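User: I would like to go through some local features of this model with you, one question at a time. Please reason briefly before you give each value or name.

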Amino acid sequence: MRPPVAHHHPARGASRRPSRFLIVEDEKRLAVSLAKGLTAEGYAVDVVHDGLEGLHRAGEGAYDLVILDIMLPGLNGYRVCAALRAAGHDVPILMLTAKDGEYDEAEGLDTGADDYLTKPFSYVVLVARVKALLRRRQGAGASPVHVHGDLRVDTAARRVFLGEDEVTLTAKEFAVLEQLVVRAGQVVSKAEILEHVWDFAYDGDPNIVEVYVSALRRKLRAGLIRTVRGAGYRLETGR
Ligand code: CA
C-alpha cells in the first residue's frame, strides 16, 4: 500500500475559505447525489471511489471535512482514517456505514472518526451533521463574522448585511464573496476562487467567476470588489 501522505502545509492564518469536502464512496450514485446536494449548499466537493485514492487526496491536506465510506475498494475506511490521523491530519471525518451493525463505533472512534451515519440516511440529517462538525471546528478558530465598513458577512450563519439591510445571495454568490472576504484587502485570483468554490472536475470557462462577481457588485456595491487587472479581485476594506 501507499504510505500515508504526510505533507505539512503552513497554517493559512486565521482566515477561512469556503469549506471544501472530500467524499470517499464507491457507491457512485450515492456519491454523485451527495456531491450535488452539498455543492448546491455552496460547498466545494471532490469525489473519489477508492480508499487509497481517498487517503492520497485527503492527505494533501486541502479539505475541511472528509465523508468516508467504510467498505471501500483499495483500503477500507477504518484504515484510511487511522492512516490520516497517524500522519497528523485533524480534518473532521464523518464515516458512512452500509447497515446497522457493520460499523463498530469503538473501532471507528478508536481510528479517529468524529461522527458516523448509518445508511440509508436522510440528506437533511447528513447536512445537519456536516454543519455541526464544521461548527465544532470553527468554534476553536477565528470569529465567523467579518466586518468591512458597512459590509458584514457571517460565514457560520451564511448571512450578509449591508448596513442594516440583509442581502440575499445564492449559494455560489455567497461562496465567492466568502472567498474574497476572508482575504479582504488581498488579491484573490480567479483560479483560486475557481479552485475553492467549484470542484476539481470543473473544466469550464474560468470567466464564470466574473459572472458571480458582477452579481455581487449589483447586489452589494459597485466599488466593493475591485478588479486587479491580470491578477484577480480584491475586496476593498476602506469605508
Ligand atoms: Ca462501500
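User: Is the crossing of α6 and α7 left-handed or right-handed, and what angle do the axes make?

Analyst: In this predicted model, K172, A175, V176, Q179 and L180 of α6 meet E192, I193, H196 and V197 of α7. The crossing of these two helices, α6 and α7, is right-handed. The axes of α6 (residues 171-181) and α7 (residues 190-197) come within 10 Å and cross at roughly 125°.

User: Which class does that angle put α6 in relative to α7?

Analyst: The axes of the two helices cross at roughly 125°. Angles over 145 degrees count as roughly antiparallel and 65 to 115 as roughly perpendicular, with the rest, apart from those under 35, being oblique. The crossing angle therefore makes α6, relative to α7, oblique.

User: Which residues are the protein donors of the calcium ion?

Analyst: The donor residues follow the sequence spacing D-x42-D-x1-M. Two of the donor atoms are OD atoms of aspartates and one is the O of a methionine, lying 2.1 to 2.3 Å from the ion, and the residues are D26, D69 and M71.

User: Is D69 buried or exposed?

Analyst: D69 is one of the donors of the calcium ion, through OD. Buried means under 20% relative accessible area. At 3% relative accessibility, D69 therefore counts as buried.

User: Which side-chain oxygen reaches the backbone nitrogen of Y78 at the start of α3?

Analyst: Helix α3 spans residues 77-86, and Y78 is among its buried residues. The side-chain oxygen that comes to within 2.9 Å of the backbone nitrogen of Y78 belongs to N76.

Conventions. Residues are numbered from 1 along each chain as its sequence is written. This is a predicted model: local features need pLDDT of at least 70, side-chain atom pairs count only at pLDDT 80 or more; totals for chains, interfaces and linings use all residues. Side-chain values use heavy atoms; hydrogens and water are left out. Buried means under 20% relative accessible area, exposed over 50%, partly exposed in between (1.4 Å probe, protein chains only). Helices (H or I, at least four residues) and strands (E, at least two) are DSSP runs, numbered from the N terminus. A polar contact is a pair of N or O atoms within 3.5 Å; within protein, one must be able to donate a hydrogen and the other to accept it, and residues adjacent in sequence count only if both atoms are side-chain atoms. Donors are N, O and S atoms within 2.8 Å of the metal (3.2 Å for Na, K and Ca); water is not among the atoms, so sites may look incomplete. Axes are lines fitted to C-alpha atoms, for helices over the stretch in contact, and angles run from 0 to 180 degrees between N-to-C directions. A crossing is left-handed if the near helix is turned anticlockwise from the far one by less than a right angle, and right-handed if clockwise. Contact means heavy atoms within 4.5 Å.
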